[in-house]
Amino acid sequence: MSTSADSEQLRRAVELATENVGAGGGPFGAVLLMPGGRRFEGVNRVTLAHDPTAHAEVVAIREACAQLETVALRGAVLYASCEPCPMCLATALWARVGRVVFAAGREDAARAGFDDAMFYAYFERPGHHLLLPTEQSRHADAVEPFEAWLEHQGRIAY
């Protein structure tokens, strides 16, 4: 259920994405709005930063977490100029973002050469590992880091 506030933030995300193209970045922008009204923005910096994880949504989430000194953005709304990819959705989940609203769809991105269909398919088909083979090789000390974590009195749960 979109609101006029959603429309305003989406407009800003699209504006950021369009401006970023002129600056040499990818055509993606994001706005993260905290419950109190504080706003954080991000643009796609993948090619500019030589960082495949520097998607607009991730950049906005990183900025918010760094400035707020937290890893949990409960109640925040993430506005994206385009449907977030699986990595960006996973990042929003890890950051405990409350809601995601996006403008363009994945089909729109694919028409512009940003086709993430194989990534969506990878996660939609459990056990499908042809794109990125994964395997567990159980080591005798595999759980040692978790035991250290549980025993560490100064740990910060997240």
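In which loop is E69 found? In this predicted model, E69 is found in the loop that lies between α3 and β3, and its backbone carries a positive phi of about 55° although the residue is not a glycine. Most residues other than glycine have a negative phi. With a relative accessible area of 73%, E69 is exposed, since the cut-off for that class is over 50%. A second residue with a positive phi is R96, likewise not a glycine, for which the angle is near 65°; R96 is found in the loop between α4 and β4 and, at 33% relative accessibility, counts as partly exposed. The two residues are set out together below.

| Residue | Loop | Phi | Relative accessibility |
|---|---|---|---|
| E69 | between α3 and β3 | about 55° | 73%, exposed |
| R96 | between α4 and β4 | near 65° | 33%, partly exposed |

**The chain as a whole**

The protein chain contains 7 helices and 4 strands, which follow one another along the sequence in the pattern α-β-β-α-α-β-α-β-α-α-α. Measures of overall extent come from the C-alpha trace, which spans about 50 × 40 × 35 Å along its principal axes. Of the 158 residues in the protein chain, 34% count as buried. Among the contacts in the protein chain with a separation of 6 or more, 47% are accounted for by residues 24 or more positions apart.

**The sheet**

The 4 strands form an open sheet in the order β2-β1-β3-β4, and the pairing within this sheet is mixed. Strands β2 (39-43) and β4 (99-104) stand at its edges, and because each has a single partner strand, one side of each is left without a neighbour in the sheet. On average, and with direction ignored, neighbouring strands of the sheet are turned by 15° against each other.

How the strands are joined can be followed through β3. Strand β1 (residues 29-33) and strand β3 (residues 77-82) run antiparallel and are joined by 4 bridges; along this pairing A30 stands opposite A80 in β3, while V31 stands opposite Y79 in β3. Strands β3 and β4, by contrast, run parallel and are joined by 5 bridges, and here the bridge partner of L78 is V100 in β4.

Is β3 enclosed by the rest of the structure or left open? Strand β3 is largely enclosed, because 6 of its 6 residues are buried. One of the residues found in this strand is S81, which counts as buried because its relative accessibility of 7% lies under the 20% cut-off. When residues up to four places away in sequence are not counted, S81 touches A13, V14, A17, P27, F28, G29, A103 and A104. G29 belongs to the span of β1, residues 29-33, and both A103 and A104 fall within the span of β4, 99-104.

**Helices around the sheet**

Which strands does helix α3 touch? Helix α3 (residues 56-68) packs on the sheet and touches β1, β2 and β3, and the direction of this helix makes about 140° with that of β2.

Helix α3 also packs with helix α4 (residues 86-94), at an angle of about 20° and with the two axes 9 Å apart. Because angles under 35 degrees are classed in this way, α3 and α4 are roughly parallel to each other, and their crossing is left-handed. On the side of α3 the contact is made by E57, V58 and I61, and on the side of α4 by M87, C88, T91 and A92. Sorted by class, the residues in the contact of α3 with α4 are 5 nonpolar, 1 polar and 1 charged. An α-helix has 3.6 residues a turn, so residues three or four places apart point the same way.

Helix α4 takes part in a further packing arrangement, this time with helix α6 (residues 117-124). In α6, the residues Y120, A121 and Y122 are buried, and the buried residues of this helix pack against α4 and also against α5 (106-111). Helix α4 is thus described by its contact with α3, to which M87, C88, T91 and A92 contribute, and by its packing with the buried residues of α6.

Technical notes: Residues are numbered from 1 along each chain as its sequence is written. This is a predicted model: local features need pLDDT of at least 70, side-chain atom pairs count only at pLDDT 80 or more; totals for chains, interfaces and linings use all residues. Side-chain values use heavy atoms; hydrogens and water are left out. Two strands pair if DSSP finds at least two bridges between them. Helices (H or I, at least four residues) and strands (E, at least two) are DSSP runs, numbered from the N terminus. Axes are lines fitted to C-alpha atoms, for helices over the stretch in contact, and angles run from 0 to 180 degrees between N-to-C directions. Contact means heavy atoms within 4.5 Å. Angles under 35 degrees count as roughly parallel, over 145 as roughly antiparallel, 65 to 115 as roughly perpendicular and the rest as oblique. A crossing is left-handed if the near helix is turned anticlockwise from the far one by less than a right angle, and right-handed if clockwise. Ala, Val, Leu, Ile, Met, Phe, Trp, Tyr, Cys and Pro count as nonpolar, Asp, Glu, Lys and Arg as charged, and the others, Gly among them, as polar. Buried means under 20% relative accessible area, exposed over 50%, partly exposed in between (1.4 Å probe, protein chains only).
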